[in-house]
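Work through the exercises below with the sequence and the model open. Try each task before reading its solution.

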Amino acid sequence: MGRDTGAGIWGASSYTELIALIELVYEAALDNDLWPGVLIKLADAMGAAQVAMPSMDLRANVVATIAPRCDPDLLTSWKEYWALRDPVLARAVRRPAGEIYTLDSLMPREEFAATPVFNELWLPAQYSLATMGANLVVEDQFSALICFSNPPGKDSLTAEQMRIFEAVVPHLARALRINRRLWEMELKHVAATERFEAFSQGALLADASGRVVRANAAAKAMFDEGSGIILDKGRLAAAGCRDILQKLIASCAQTTLALGGPGGEFKIPRKRPRSPLDVTVTPLRSKARLADVPWIGVGVPVAIVTVSDPDIDRRLQEVNLRHRFGLTGAEARLTAEILKGDGIAAAARRRGISAATAHTNLSSIFEKTGTHRQAELIRLLLDAADGDKLET
């Protein structure tokens, strides 16, 4: 770049128009509803037929875009099919941030003109071979870019178009950085509304594609372990339960819901002696308005996924029982089993102890908790657990 963008080069009228366009770019950084209008003004200033700000997540094979002049049906076709088969886009997203490129610098015109994507999508959408672009965001396996194209038949880019684009691209990149920081601040507010970080179990916010928008410390630890919750090609998945988690997350984004409603529950099996993980998917309750824009790298969160490890929960429960009532380790483990409510004999079998040992331990538990019957013990412990929840 490095060109002087002063009025001496542009002329007074052109320079004034350029400054006004750049001011609009920064206004859009604070108000996402302005982006389509800003792109149209940029296209008009450059004499271009089409302009778009697409993005591609290479891990999850998810594409998104703002393309205000493109036919909606063609845009849907591009996102659902053609984008992942577009050789120009595949080459463009791998260029460094800030580098301006033309279609000719990505592949020979004749080669691209013979492709199905050019003839079945680009031409009907009024894109020509005179196309220019630049990456505005480049991260690990993710790129967001801007591109414009002359109408079919106008197959050469002018020096004036190049000059305007070179002047505007750095400001677009800076505006997107500002916008991404504001989005992250709003996401923290959403997480706070959901008491997200306070969850003792794993908790994740997921977008409609199943990509993780945010994960708390417990969820990150589960990812590191890799025995239950995993990332499969950039999307949240449950080991051994193919597609079920992504389907439940997707149901939280549907406006017309099937019988049974959004979200649901299921278990993720693990090798013995470990217990299955309990997974719950629910729609996000927060009313905060997060913008769905292509350059964030993930979509708007639509679901909160909580993952509970009964083995960890049981150990925490046993520790609490020991501290609160002065129980021994054996007594605390038996008490945790009694809490399941199916009787002392069943609790003894799960603990692998004899009935006589279980009754001896139970007598000591009654004495330390000030209770006399199993029902009374269970009621005391449940009331104590509810009190702990209220305190937190």
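**Exercise 1. Classify Glu184 by its accessibility, then place it.**

Step 1. Glu184 has a relative accessible area of 31%, so it is partly exposed. The classes are buried (under 20% relative accessible area), exposed (over 50%) and partly exposed (in between), with a 1.4 Å probe and protein chains only.

Step 2. Glu184 lies in helix α9, residues 159-193. Helices (H or I, at least four residues) and strands (E, at least two) are DSSP runs, numbered from the N terminus.

Step 3. Take Ser275 as a second point. Glu184 and Ser275 are 91 residues apart along the chain, and their C-alpha atoms are separated by 36 Å.

A note on the source: this is a predicted model, in which local features need pLDDT of at least 70, side-chain atom pairs count only at pLDDT 80 or more, and totals for chains, interfaces and linings use all residues. Residues are numbered from 1 along each chain as its sequence is written, and side-chain values use heavy atoms, with hydrogens and water left out.

**Exercise 2. Describe the overall build of the chain.**

Step 1. Count the elements. The chain has 16 helices and twelve strands.

Step 2. Test it against a globule. The radius of gyration is 29 Å, while the globule rule gives 21 Å for 392 residues, so the chain is more spread out than a compact globule. The radius is taken over C-alpha atoms, and the rule is 2.2 Å times the number of residues to the power 0.38.

Step 3. Look at the spans. Along its principal axes the C-alpha trace covers about 95 × 40 × 35 Å.

Step 4. Check burial. Of the 392 residues, 45% are buried.

**Exercise 3. Trace the aromatic pairs around Trp122.**

Step 1. Apply the rule. Rings of Phe, Tyr and Trp (its six-membered ring) pair if their centres lie within 6.5 Å; planes under 30 degrees apart are stacked, over 60 edge-to-face, and the rest tilted. The count comes to seven aromatic pairs.

Step 2. Take Phe112 and Trp122. Their ring centres are 4.7 Å apart and their planes stand at 75°, so this pair is edge-to-face. It links distant parts of the chain: Phe112 is in helix α7 (residues 109-113) and Trp122 in helix α8 (residues 116-122), ten residues apart.

Step 3. Add Phe118. Its pair with Trp122 is tilted, at 6.3 Å centre to centre and 50° between the planes. Phe118 and Trp122 are separated by about one helical turn, because they are four residues apart in helix α8.

Step 4. Check the surroundings. Phe118 is buried at 6% relative accessible area, and Trp122 is buried at 8%. Phe112 is buried too.

Step 5. Join the pairs. Phe112, Phe118, Trp122 and Tyr127 form a cluster linked by ring pairs.

**Exercise 4. Find the salt bridges and say how exposed their partners are.**

Step 1. Set the cut-off. A salt bridge is a side-chain nitrogen of Lys or Arg within 4 Å of a carboxyl oxygen of Asp or Glu. There are 15 by this rule.

Step 2. Start with Glu99 and Arg95, which meet at 2.4 Å, N to O. Glu99 is partly exposed at 27%, and Arg95 is partly exposed at 22%.

Step 3. Move to Arg109 and Asp104, bridged at 2.7 Å. Asp104 is partly exposed, with 40% relative accessibility.

Step 4. Contrast Asp207 and Arg211. Their side chains meet at 3.0 Å, and both residues are buried.

Step 5. Extend from there. Asp57, Arg59, Asp140, Asp207 and Arg211 are linked in a network of salt bridges.

**Exercise 5. Which residues other than glycine have a positive phi, such as Asn61 and Gln126, and where do these two sit?**

Step 1. Asn61 has phi near 55°. It is in the loop between β1 (50-57) and β2 (62-66). At 45% relative accessible area, Asn61 is partly exposed.

Step 2. Gln126 has phi near 70°. It is in the loop between α8 and β4 (131-139). At 39%, Gln126 is also partly exposed.
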